[in-house]
Amino acid sequence: MARQLDEQIAGRYPVGQRLRVLDVGMGQGTQALRLARAGHQVTGLEQDATMLAVAREALAAEPEGIRGRVRLIEGDGRETGVHFLPGSFDVVLCHGVLMYVEDPDALLAGMARMLAPGGLLSLLVRNADALAMRPGLGGDWATTLASFDTTAYTNRLGLDVRADRLATLTGTLAGIGAPLHAWYGVRVFTDTAADGAPLPPDAETLLAAEERAGRTDPYRQVAALLHLCGVRG
């Protein structure tokens, strides 16, 4: 997914341009720190105090030049208007957050308002059109059948969350002025791998296969996650 995001940024902005990036629901700050290391000004917004503490600890271990490019704020992603002015960012990330939001439309609209004209909105969501894949591959047939007609599921943390459909999000993005520009599948072949499993010896080949599948129909349509990139008009 990082490669896909970098590809979209490179396709929109001159090489070396320092971008203003907002990471909504940044978690431990992995993506925020990666982009700061690449030279961008990054603001991370996170409401979970534990996650924010982990991100601050990771940031403290970075060189001074990188620390100076990152601002961390404790806050709810649905309240971007409280913290920032409209049009304040060139790139807004929201990765792995929408599944925890019962009605994401207000969150999406708020993030779109934060984008400058031509800015990039990057979303990582659970693919509701592929919810039957994981239980099906695991032989859980009752859950498989129930998964076809719902957007609700239980994640690996045991939390009841929701997924999004590509068609629905495409319409939503168009309606908030950041129409879909590109989309990818993420975790096409590896969704059933155990959390924390070590990388196999042929990890580079595996990653190449995932990357290819994530760009290719029909494989990307059944990926566990979808990476959507909208562009502010």
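A polar contact is a pair of N or O atoms within 3.5 Å; inside a protein, one of the two must be able to donate a hydrogen and the other to accept it. Keep that in mind for the exercises below, and remember that the model is predicted.

**Exercise 1. Work out whether threonine 144 is buried or exposed, and find which backbone oxygen its side chain reaches.**

Step 1: place the residue. Threonine 144 sits in helix 8, which covers residues 141-147.

Step 2: check its accessibility. Buried means under 20% relative accessible area. Threonine 144 has 9%, so it counts as buried.

Step 3: look for a polar partner. The threonine 144 side chain gets to the backbone oxygen of aspartate 140 at 2.7 Å.

Step 4: list the contacts from further along the chain. Leaving out residues up to four places away in sequence, threonine 144 touches Ala132, Pro135 and Gly136.

**Exercise 2. Do the same for arginine 156: where is it found, and which backbone oxygen does its side chain reach?**

Step 1: arginine 156 is in the loop that runs between strand 6 (152-154) and strand 7 (160-162).

Step 2: its relative accessibility is 37%, so arginine 156 is partly exposed.

Step 3: skip neighbours within four places in sequence, and arginine 156 contacts Arg134, Asp191, Thr192, Ala193, Ala194 and Asp195. Take alanine 194 from that list: it is 38 residues from arginine 156 in sequence, with the two C-alpha atoms 9.8 Å apart in space.

Step 4: the arginine 156 side chain reaches the backbone oxygen of alanine 193 at 3.1 Å.

**Exercise 3. Lay out the open sheet: what is the order of its 7 strands, and which strands stand at the edges?**

Step 1: trace the strands across the sheet. The order is 3-2-1-4-5-9-8, and the pairing is mixed.

Step 2: find the ends. Strand 3 (70-74) and strand 8 each have a single partner strand, so each has one side without a neighbour in the sheet.

Step 3: add the twist, which averages 15° from one strand to the next.

Step 4: zoom in on one pair. Strands 8 and 9 run antiparallel and share 6 bridges; leucine 180 has glycine 230 of strand 9 as its bridge partner.

Step 5: put a helix on it. Helix 3 (residues 49-60) packs on the sheet, where it touches strand 2 (41-46) and strand 3, and its direction makes about 165° with that of strand 3.

**Exercise 4. Find the largest nonpolar core and say which helix gives the most to it.**

Step 1: this core has 29 residues, and Leu22, Val92, Leu107, Met111, Leu123 and Leu228 have the most contacts inside it.

Step 2: see who contributes. At least two residues each come from strand 1 (20-24), strand 4 (89-95), helix 6 (105-114), strand 5 (115-126), helix 9 (166-175) and strand 9 (225-231). Helix 6 gives the most, with 6 residues.

Step 3: don't merge in the other core. A separate one of 24 residues includes Leu5, Ala55, Leu59 and Val231.

**Exercise 5. Show why the buried residues of helix 9 line one face.**

Step 1: the buried residues are Leu166, Leu169, Thr172 and Leu173.

Step 2: look down the axis of helix 9. Its buried residues fall within an arc of 125°, so they line one face of the helix.

Step 3: check both sides. The buried residues pack against helix 6, strand 5, strand 8 (180-186) and strand 9, while Ala167, Thr168 and Gly175 are exposed on the other side.

Definitions and conventions
Residues numbered from 1 in each chain as written. Predicted model: local features only at pLDDT ≥ 70, side-chain atom pairs only at ≥ 80, totals over all residues. Heavy atoms only, no water. Helix = DSSP H or I, 4+ residues; strand = E, 2+ residues; numbered from the N terminus. Buried < 20%, exposed > 50% of the residue type's maximum accessible area, 1.4 Å probe, protein only. Contact = heavy atoms within 4.5 Å. Core = buried A, V, L, I, M, F, W, Y, C linked by side-chain atoms within 4.5 Å. Arc of directions from axis to C-beta. Pairing = 2+ DSSP bridges. Axes fitted to C-alpha atoms, helices over the stretch in contact; angles between N-to-C directions.
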